[in-house]
Amino acid sequence: MNKNLIDFVSLNKQSKKPLYVQLYDEIAEKIKCKTLSAGYKLPPVRTLAQQLNINNGTVVSAYRELEKNGYIFTRRGSGSYVAEQMNTVSSEVDEKKDVLIDLAEEVNAENIPTDVINMSSVSLNPEMISMEIFQKAIDEILKRDKGYAFTYQDSKGYLPLRQSIVQSLAQKKINTTQQNVQIISGAQQGIDIVARALLKHGDIVFVESPTYPGAMAAFRSCGAKIIDIKLTKEGIDLADLENKLKLFKPRLIYVMPNVQNPTGISYSKYVRHRLMGLARYHDVYILEDDYIGGLYYSKNEMLPLKTYDTDDRVIYIRTLSKVFMPGLRLAYLIVPSDLAQRLLNVKYISDIATSGLTQRIFDYYLREGLWQKHLNSIRSIYKTKFDFILKMMKKYLPKDISYIKPTGGLSVWLNLPERLLADDVIENAKKQGVIISNGAPFFVRRAPHRQLRISFAVLSLAEIKTGIKILAEIMK
C-alpha cells in the first residue's frame with residue numbers, strides 16, 4: 001500500500017548520521033519491505049525538502065544514491081519512481097558483488113601493506129612517469145596561461161585539446177570533428193553519461209560475459225536490464241549475439257574489442273565487421289570502451305572498432321589516465337552527431353567541466369609528441385613483465401589451470417578446474433602475502449566462481465616469480 005512518503009519518513013537531526021543517509025535508509029527500507037511498491041512516484045525534490053524541513057541538496061543526494069543502487073529510476077521531465085525489485089536472495093548477492101567489485105577494480109594501494117605481493121592492482125606504476133617532463137609541462141602551461149589554467153572550461157572540453165585529439169584520431173583512420181569530441185573525467189564517467197543519456201527504465205543492454213563491473217553498475221542505476229553475450233577467443237560470440245538479437249531489442253551493446261577487460265581478448269577483423277553489420281541491421285548503438293588503449297604487445301597497433309563505423313553508431317570511449325596518471329581522471333568520448341547535445345547536457349549536470357589544468361597538460365603532451373614517447377616507453381617495460389609472467393605461469397602453474405594469452409593490458413585471466421574454487425585460492429594466497437582478484441564480479445549472473453585475475457602492473461620481476469610460485473603451490 002502507498003501513502004504519502006512523508007507518512008513513513010522520520011529523520012533525527014541530532015544524530016551523527018548525515019541526513020541524506022538517514023533519508024536513503026528510510027526510503028530503501030520501505031521499498032525493500034514493499035511499503036512503497038514498484039511504480040510509486042516519489043515527491044519532487046523541493047516538495048519533500050519542504051515537508052521534512054531539510055535542504056534540497058539532502059534530498060537530491062538521497063535520490064541519487066537510491067538510483068545508483070537500483071531502488072528508484074528517473075524519467076526525464078516526469079520524476080522519480082520506485083523500481084521493480086529483485087528477490088531478497090538476489091539483493092544479498094548484489095551486495096556481496098559490490099564488495100568484490102571494490103576488491104577487483106579499485107584496490108587502494110595505501111590500504112595494502114608494503115610487504116605483500118599485490119597481484120590485484122591494475123593501476124599504472126607511478127614510478128614509470130617522468131616527473132621531469134611532467135614538471136616541465138606544468139611550468140610551460142602556467143607560464144603561458146597563468147591563472148587561466150585553473151578556470152572552468154567549456155563543458156565539451158578545452159578546445160585546443162579537442163583539436164589535438166581529432167588530429168591524433170585521424171592517424172587511426174577515425175575521421176571526426178571537434179564538435180563530436182566530449183572531454184570527460186575518466187572512462188567511468190563516460191559510461192555513466194552514456195547510460196543516463198540513452199537509457200530509461202526497462203531498456204535492454206547487451207554486454208560481453210565476463211565484462212567490466214563498473215559498466216554493469218552504471219546500466220543498472222538507470223533501470224536497464226542486462227543481457228550477457230558469451231565470448232570466444234575471436235571476440236564476442238556471434239551465434240549467441242544473433243540468437244539474442246532475435247529475442248530482444250537492445251538499446252545499447254557495450255563492448256571492449258581491444259584487450260577486453262578482464263580476459264585480454266581482442267576481436268578478429270571478421271568479428272568486428274560482423275558486429276557492425278548486425279548493429280546496422282538491428283539499428284542499435286554500440287558503446288566501445290577502449291579502456292587501456294595503446295598498451296598492446298603485438299607488433300602492429302590494433303585499430304578501434306570505431307574505425308569500422310560507417311554510419312555513426314559507435315560511441316567511442318578512450319581513457320587517458322589509465323596509462324598516464326590514474327589520479328588525473330581524464331578521458332574522451334567520440335559521439336555520434338545526433339547524440340552530442342544530449343550527452344553534453346548530462347555531462348554538465350554531472351560535474352560541469354573536467355579539470356582545465358589536466359586537459360592542458362594532456363594537450364601539451366599530444367602537441368609536443370610526448371604522449372607517443374610515453375606510450376612506447378611503458379609498453380616496452382610492460383612487454384618485458386608480460387612475457388615474464390607468461391613464462392613463470394607456464395613453468396610453475398599446474399597443467400589444468402587454463403588461460404588465453406592476452407593481447408595486451410596489465411593482467412591475465414585464469415580459469416580454474418572443478419577441483420578448485422576461486423574463494424579458496426584467494427584466501428590461502430592472502431595468508432601467504434599474495435593478493436589476487438576474484439573473477440565473480442565480472443559476470444552478470446551465475447558466476448562460475450572459478451576465475452581469477454592476476455596483475456603484474458605494480459610488480460618487479462622478482463615479485464612476479466615469487467607470487468606465481470606461491471599460487472602454484474596453493475593450486476597443487
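Reader: Which residues is Thr358 in contact with, once its neighbours within four places in sequence are left aside?

Author: Contact here means heavy atoms within 4.5 Å, and on that reading Thr358 is in contact with Leu328 and Leu330, leaving aside its neighbours within four places in sequence. This is a predicted model, in which local features need pLDDT of at least 70 and side-chain atom pairs count only at pLDDT 80 or more, whereas totals for chains, interfaces and linings use all residues. Residues are numbered from 1 along each chain as its sequence is written, and side-chain values use heavy atoms, with hydrogens and water left out.

Reader: Where does Thr358 lie, and is Thr358 buried or exposed?

Author: Helices are DSSP runs of H or I with at least four residues, strands are runs of E with at least two, and both are numbered from the N terminus; Thr358 has its place in helix H12, residues 356-367. For burial the scale is relative accessible area, where buried means under 20%, exposed over 50% and partly exposed in between, with a 1.4 Å probe and protein chains only. Thr358 has 8% relative accessibility, so it counts as buried. Glu29, in helix H1 (residues 19-32), is partly exposed, with a relative accessible area of 41%.

Reader: What does Val323 touch, not counting residues up to four places away in sequence?

Author: Val323 touches Leu124, Ile292, Gly293, Leu295, Trp371, His374, Leu375 and Ile378 on that count. Its place is in the loop between strand E10 (314-319) and strand E11 (331-334), and at 1% relative accessibility Val323 counts as buried. A separation along the chain can also be set beside one in space: Val323 and Asn56 are 267 residues apart along the chain, with 39 Å between their C-alpha atoms, while for Glu29 and Tyr71, 42 residues apart, the C-alpha separation is 9.8 Å.

Reader: How should I read the backbone, and which residues does a cis peptide bond with omega of about 5° join?

Author: That bond joins Ser209 and Pro210, and Pro210 is found in the loop between strand E5 (204-209) and helix H8 (213-221). The peptide bond from Asn261 to Pro262 is also cis, with omega near 20°, and Pro262 sits in the loop between strand E8 (252-255) and helix H10 (269-282). The loop between E8 and H10 also holds Val259, which is not a glycine yet has a positive phi of about 55°; Val259 is buried, with a relative accessible area of 3%. Asn53, likewise a residue other than glycine, has a positive phi near 60° and lies in the loop between helix H2 (45-52) and helix H3 (56-68), where at 61% relative accessibility Asn53 counts as exposed.

Reader: How many cavities of 30 Å³ or more does a search of the whole structure find?

Author: Rolling a probe the size of a water molecule over the atoms shows where empty space is left. On a 1 Å grid over the protein atoms alone, a cavity is a set of points where a 1.4 Å probe fits but cannot get out, and lining residues have an atom within 4 Å of a point; grid points are joined across faces, edges and corners, and a volume is the space filled by probe spheres set on the points. The search finds two cavities of 30 Å³ or more. About 120 Å³ of space lies in the largest cavity, and of the 14 residues that line it, Asn258, Asp290, Gly293, Gly294 and Met302 are the closest to its centre.

Reader: What lines the second largest cavity, and how do the linings divide by class?

Author: The second largest cavity, with a volume of about 40 Å³, has a lining that includes Val259, Asn261 and Pro262, together with others such as Tyr291 and Ser411. By class, Ala, Val, Leu, Ile, Met, Phe, Trp, Tyr, Cys and Pro count as nonpolar, Asp, Glu, Lys and Arg as charged, and the others, Gly among them, as polar. The lining of the largest cavity has seven nonpolar, three polar and four charged residues, whereas that of the second largest has four nonpolar, six polar and no charged residues.

Reader: How many helices and strands does the protein chain have?

Author: The protein chain has 15 helices and 16 strands. Its radius of gyration, taken over C-alpha atoms, is 23 Å, close to the 23 Å that the globule rule (2.2 Å times the number of residues to the power 0.38) gives for 476 residues, so the chain is as compact as a globular protein of that length. Of those 476 residues, 55% count as buried.

Key: 1 Å grid on protein atoms, 1.4 Å probe; cavity = no way out; pocket = protein on both sides within 12 Å on 5 of 7 lines; lining within 4 Å.
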